[in-house]
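This briefing is intended to be read alongside the sequence and the three-dimensional model shown below. The topics are strand pairing, aromatic contacts and the principal pocket.

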Amino acid sequence: MRNRSRQLINLILVALLSVGLLAGMESVVSMREQGFEHEQMVRDFQSLIRADSYIPLAVDDTYPSHLSIDSVYRADDTAGEVLGHLVSVRVAGYADDLLVRVAVGPDAKTIEGLRVLEHTEPETYGGQAALPFFHTRFEGRAVPLYLTGEQPPPEPVPRALRDGDYTARADSLDPDNGYRYSFRMTVSGGRIQDAMWDGDGGTEEKSLRQASEDGTYVMEVGELPWHEQAIALESLLLRVQDPAFIEVSSDGTV
């Protein structure tokens, strides 16, 4: 009986020892994996922001499908000071999505670096985006950053206008249609409340606007009737509240 009890105790001790060894091995493996993961992060991130630790942050899935965030990391130094953030996003490309990583400074106003990590773009359409000559152009740039042609127009800041009724009239007739252009504007409370663009002819009884509405004055094929163009221009002026924000091209159109 004693031998059986001793054997049972020995089995229990061996089982406990095995469990302890397995737990210790799992702990060592976990620590080793964490070490490998940290080394991998250092290799991936140090060229963008050199830090002592990179802390993963939770990401809210609130972005549209064409701009999805894969990960966000905070870069800290040994004192716990934030050196910046690294954001990896998937953006729509020509052939397929691109995986792009962007590093920004602690104020999130300056690009520290940018890398295109994954892409399947052909060489003639963005295939060189992963090369240094491309991504080094972004270093030190202030954000938001827009590509050529995507810069939003400046928000109009109208100047203060004096209340009153204002009129202007061209010095001569337009040789193309025989009308003399005129403009009337009413300002009340410092804002343009009404605007009217028109024209009168030397021998015509009807104004240009009325002639266009009646169909006796017709524009060239494919062009909007003159009075509709006048209404569009007046609406634009009422919206921006300052004629200086209306750009006129060399052919006289806006």
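In this predicted model, strand 7 and strand 8 (residues 191–201) pair in the antiparallel sense over 10 bridges. The two strands form a hairpin with two residues between them. Residues of this hairpin recur below, in an aromatic pair that joins strand 7 to strand 8 and in the lining of the largest pocket, to which strand 7 (179–188) gives two or more residues.

**Hairpin**

- Within the pairing of the strands, Thr-186 stands opposite Asp-194 in strand 8.
- In the turn of the hairpin, Gly-189 has a positive phi of about 65 degrees.

**Aromatic pairs**

- A search of the whole structure finds five aromatic pairs.
- One of these is formed by Phe-134 and Phe-138, with 5.2 Å centre to centre and 70 degrees between the planes. The pair is classed as edge-to-face because the angle is over 60 degrees.
- The two members of that pair fall into separate accessibility classes: Phe-134 counts as partly exposed at 29% relative accessibility, whereas Phe-138 counts as buried at 14%. The cut-off for buried is under 20%, so the value for Phe-138 qualifies.
- Tyr-181 and Trp-197 form a tilted pair, with 6.1 Å centre to centre and 45 degrees between the planes.
- This second pair links distant parts of the chain, since Tyr-181 belongs to strand 7 and Trp-197 to strand 8, 16 residues apart.
- Tyr-181 counts as partly exposed at 24% relative accessibility, and Trp-197 is likewise partly exposed, with a relative accessible area of 23%.
- Ring pairs extend this arrangement to a cluster of Tyr-181, Trp-197 and Trp-226.

**Largest pocket**

- The largest pocket holds about 860 Å³ of space.
- Its lining comprises 24 residues, and those closest to the pocket centre are Trp-197, Trp-226, Gln-229, Gly-252 and Thr-253. Trp-197 and Trp-226 are also members of the aromatic cluster.
- The elements that give two or more residues to the lining are strand 7 and helix 4 (226–240).
- Helix 4 gives the most, with seven residues.
- By class, the lining has 14 nonpolar, four polar and six charged residues.

**Point for inspection**

- Which residues do ring pairs link into a cluster? They are Tyr-181, Trp-197 and Trp-226; among them, Trp-197 and Trp-226 are listed with the lining residues closest to the centre of the largest pocket.

How values were computed:
Residues numbered from 1 in each chain as written. Predicted model: local features only at pLDDT ≥ 70, side-chain atom pairs only at ≥ 80, totals over all residues. Heavy atoms only, no water. 1 Å grid on protein atoms, 1.4 Å probe; cavity = no way out; pocket = protein on both sides within 12 Å on 5 of 7 lines; lining within 4 Å. Points joined across faces, edges and corners; volume = space filled by probe spheres on them. Helix = DSSP H or I, 4+ residues; strand = E, 2+ residues; numbered from the N terminus. Nonpolar A, V, L, I, M, F, W, Y, C, P; charged D, E, K, R; others polar. Pairing = 2+ DSSP bridges. Phe/Tyr/Trp six-rings, centres within 6.5 Å; stacked < 30°, edge-to-face > 60°. Buried < 20%, exposed > 50% of the residue type's maximum accessible area, 1.4 Å probe, protein only.
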